[in-house]
Amino acid sequence: MPTPSDSLPVAASLAPPALAARPADDRLAAVAAGRDVPSEVHRQVLDQAPVLEIDRFNLWYGAKQALHAITMPIPHARVTALVGPSGCGKSTLLRSVNRLNDLVQNVRTTGDMRLRGESIYDPRMDVIELRKRMGMVFQKPNPFPMSIYENVVYALRIDGENRRSVLDEVCETSLRGAALWDEVKDRLGESALGLSGGQQQRLCIARAIAAEPEVLLLDEPCSALDPIATGKVEDLIQELRGTYSVLIVTHNMQQASRTSDYTAFMYLGRLIEYGPTTDIFTKPILRETEAYVTGRFG
Amino acid sequence: MSSDAPRTRRLRSPYAALTAQGEPWLWLTGGALGWAVAMITGLLGLIVFQGARTFWPVPLDEIRLDDGTVLLGEVSARERVVTDADGGPRPTSRRLLRTENFEITGSHYRWCDDSAISAESRPLHAAAVERLEGGRFHGVPLRLRHGDEVVAEGAAAAWERFRAEHPAIVGRGAEIRRIDRVERGRLQRQLRSARLATTRARLAAGADSPAAVAAAAAEQDLAARVAVAERELDRRTDDLRRPSAGWVLDCSTSDGREVALPLDRIVRAWQPNRLSWWGKLGVYAGRWGEFLGEEPREANSAGGVFPAIWGTVALTLIMALVVAPLGVLAALYLREYADRGPLTAAVRIAINNLAGVPSIVYGAFGLGFFCYVLGGSIDEVLFQPALVADGQPTFGTGGLLWASLTLALLTLPVVIVATEEALAAVPNSMREGSYACGAGKWQTIRRIVLPRALPGILTGLILAMARGAGEVAPLILVGVKKVALDLPIDGTFPFVHPEREFMHLAYLIYDVGFQSPNAQAARPLVFTITLLLVAIIAALNLTAIWLRSRLKRRYVAQQF
Ligand SMILES: Nc1ncnc2c1ncn2[C@@H]1O[C@H](COP(=O)(O)OP(=O)(O)OP(=O)(O)O)[C@@H](O)[C@H]1O
Ligand SMILES: [Mg+2]
């Protein structure tokens, strides 16, 4: 994986000379040089009722700053996509939302995030309760060392739900939602570690939606999936829109444009542009965004 | 770069080709493994071969020496030596004859130079007789007597009659021993508890108090009843002894003496030179059965090792039961809860170093802390009457419990280190996944981390059990005994007696092999005990390995 400093000259060299001459194009270079640049946030995003507000959020891994003053509202019951080159801090931002970064040594944050107005980084916040309100799918599949069934109903089990009928129903609907039911319905008792990589990832999706979270955090959920399974997961995301708020990281621009309502473009730990997906893909404010989403750089 | 000519990469060093393939390393690593395997199989092979053949009936050879001596015995070894005789040094071969008849010959074995042998034969009727005391006897049966009356004359007839009479006599002997051990033991325990009751009453209410007087009266009463019961038992044992008494097998030894062997003193007898292969197998199985199931006789040099098997297994299991939870919990704190600071690192290093402390030091600690401090306090609080009445500590001396705790302490570092490794091998992504589902720390540990680490933890436990089961030095200080026939679990209230002293196979090896007056005679037995100990450890380990592979299949299945 290229580090940001590696990717800089590549980005610069790939940018067409015509674009590089314009003042707006200096933004990425300014970011790379460590200067602060304002984020371009479209007005339509600000008009929406937010479920989650990220407010001037900074994060350091030790001495290295990974997120720079991110300010972005995540609209309620909509799908928001995070795009950006590798290492720009998308996973870090996602992990900050459910405070998983608390577990990493030497992480320091400033700023705040608010879930329905409640401060997430308030010291009085019950982190466990907070995480119960969110579901997360990781970049790499991480099934638990237990049966497929127990994997899916894990969140319910830790809440003390032991009624077989409830668990059975949740297990089936979640697995159907993750397009895995037909493949595993006859082997629910077998170890989840025996599934293929793609099946494991869909299992993790089923696990994340089993507890019906308010916010669903998806970190490249389809990176290990074949086109058919990807299509099913995208269908699932479409079904979830309207009830759940989804924050999805993806490197696949088609996927972002197909599934999301809003798209945010990040670069080197900063939010560059954020707006309705159609606008970002057809008439972005910044040429850099256009260059990235059309695949001309990054 | 522009040239189309095929280019071959030039090697930068002449050794590159060699090291690229790693040929020398293959030989080096393979050789190391070969050495290790050869040495281990050599040791195991020796133990298995020597241990398994101990009980196989060996033919009895009669050897006549040039000086007229006649010897009868099993050839147990042959070797070539260079002797310095009058004609100068010359190589000779000689053989080691197990002659036995210790009360006559004064030794169990004798070396014979092959050159000094004038004749050798295998007398058909030569018999090997194991006796209750006095060791083995080798000789030829002459007649069977009952008192002065000759019942069967001649080797063949006497032997046949002996085989007919002997089993019943053995059965009655076993019944007598059972009465002595179990029924007399019960009476003695009744007496003791009455005595303790008196002491307790005296301690509680004063020597002249009515309660103490009543207790003393009850004790006297019981003593009278016990005396009656003892006489009844005496009558029963006498009745059992009478039909066995008087039966005698007269045998002649190789040097022409006649020896009378009372049948009720004979454990087992066989005529190896006459036995068919199946007959030998029968004797072999019988001797193994006695070895595994009976108590030792004659200062452990004969009989069985049942109490020692019991002690070894109980000790190892209790140790595992103590060390497993303790070690796992300690490792959990160290790996999952403690901050990664210099203090944690120091604790970790200290634990690793503990593994290198000589085991005798643990024994000394166990004696000082468990026996004297802990056991002494328990005695003072709970067993005061016993302390006063018999002057004997109950828990304040070595015993199975204290020995188990000492071994648990000894193996604790192994378990902690292995558990820590196993916990560290659990992928962090699994923990994060669990936290992301809203699980707490303990829920994550219990439901995700521990199941996943369990196979590794079991590996540590296997190592710990293997190490603990083979320890001798600390046990000597904390309760292992040369002879301790009362098992820690029996029919007397409260049925479990963790304070009792016990026997142990590893200590038995030391005792029989190096402490017995005739180490040479006991050597075959040492191999057999070693074989048994190795087999027990292997059995315990195989159980754990089987468990581990089951868990592994369940929790750590591979995906491709
Ligand atoms: N635990 C950590 N300790 C130190 N630095 C970290 C840690 N995790 C991530 N980083 C750094 O933070 C930056 C952002 O990483 P992050 O994983 O958020 O990138 P990403 O946008 O998700 O990339 P990708 O698309 O490749 O997944 C990277 O430079 C990375 O090296
Ligand atoms: Mg990422």
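Trainee: How much area do chain A and chain B bury between them?

Mentor: Keep in mind that this is a predicted model. Of the area buried between chain A and chain B, 60% is on carbon and sulfur atoms. The total that the two chains bury is about 2100 Å².

Trainee: How many residues does each chain bring to the contact?

Mentor: Take the chains in turn. Chain B puts in 23 residues, and for chain A the number is 25.

Trainee: Which side chains meet in a salt bridge there?

Mentor: The count between chain A and chain B is 1 salt bridge, so you're after a single pair, with a side-chain nitrogen of Lys or Arg within 4 Å of a carboxyl oxygen of Asp or Glu. The N to O distance is 2.9 Å, and the partners are A:Arg95 and B:Glu432.

Trainee: And which element gives the largest share of the side of chain A that touches chain B?

Mentor: The elements giving two or more residues are helix 6 (127-132), strand 7 (134-137), helix 8 (154-158) and helix 11 (197-210) of chain A. The largest share is 4 residues, and it comes from helix 8 of chain A.

Trainee: Over to ligand 1: which element of chain A gives the most to its shell?

Mentor: Strand 3 (64-75) and helix 5 (90-97) each supply at least two residues. With 3 residues, the top giver is helix 5 of chain A.

Trainee: What share of ligand 1 does the protein bury?

Mentor: Look at the polar atoms first: a side-chain N or O atom of A:His251 is 2.7 Å from an oxygen atom of ligand 1. Taken alone, ligand 1 exposes 630 Å², and the part of that buried by the protein is 71%.

How values were computed
Residues numbered from 1 in each chain as written. Chains lettered and ligands numbered in written order. Predicted model: local features only at pLDDT ≥ 70, side-chain atom pairs only at ≥ 80, totals over all residues. Heavy atoms only, no water. Polar contact = N/O pair within 3.5 Å; in protein donor to acceptor, adjacent residues only side chain to side chain. Areas by Shrake-Rupley, 256 points an atom, 1.4 Å probe, with all protein chains shown as cover. Contact = heavy atoms within 4.5 Å. Buried area = accessible area lost by both parts, 1.4 Å probe.
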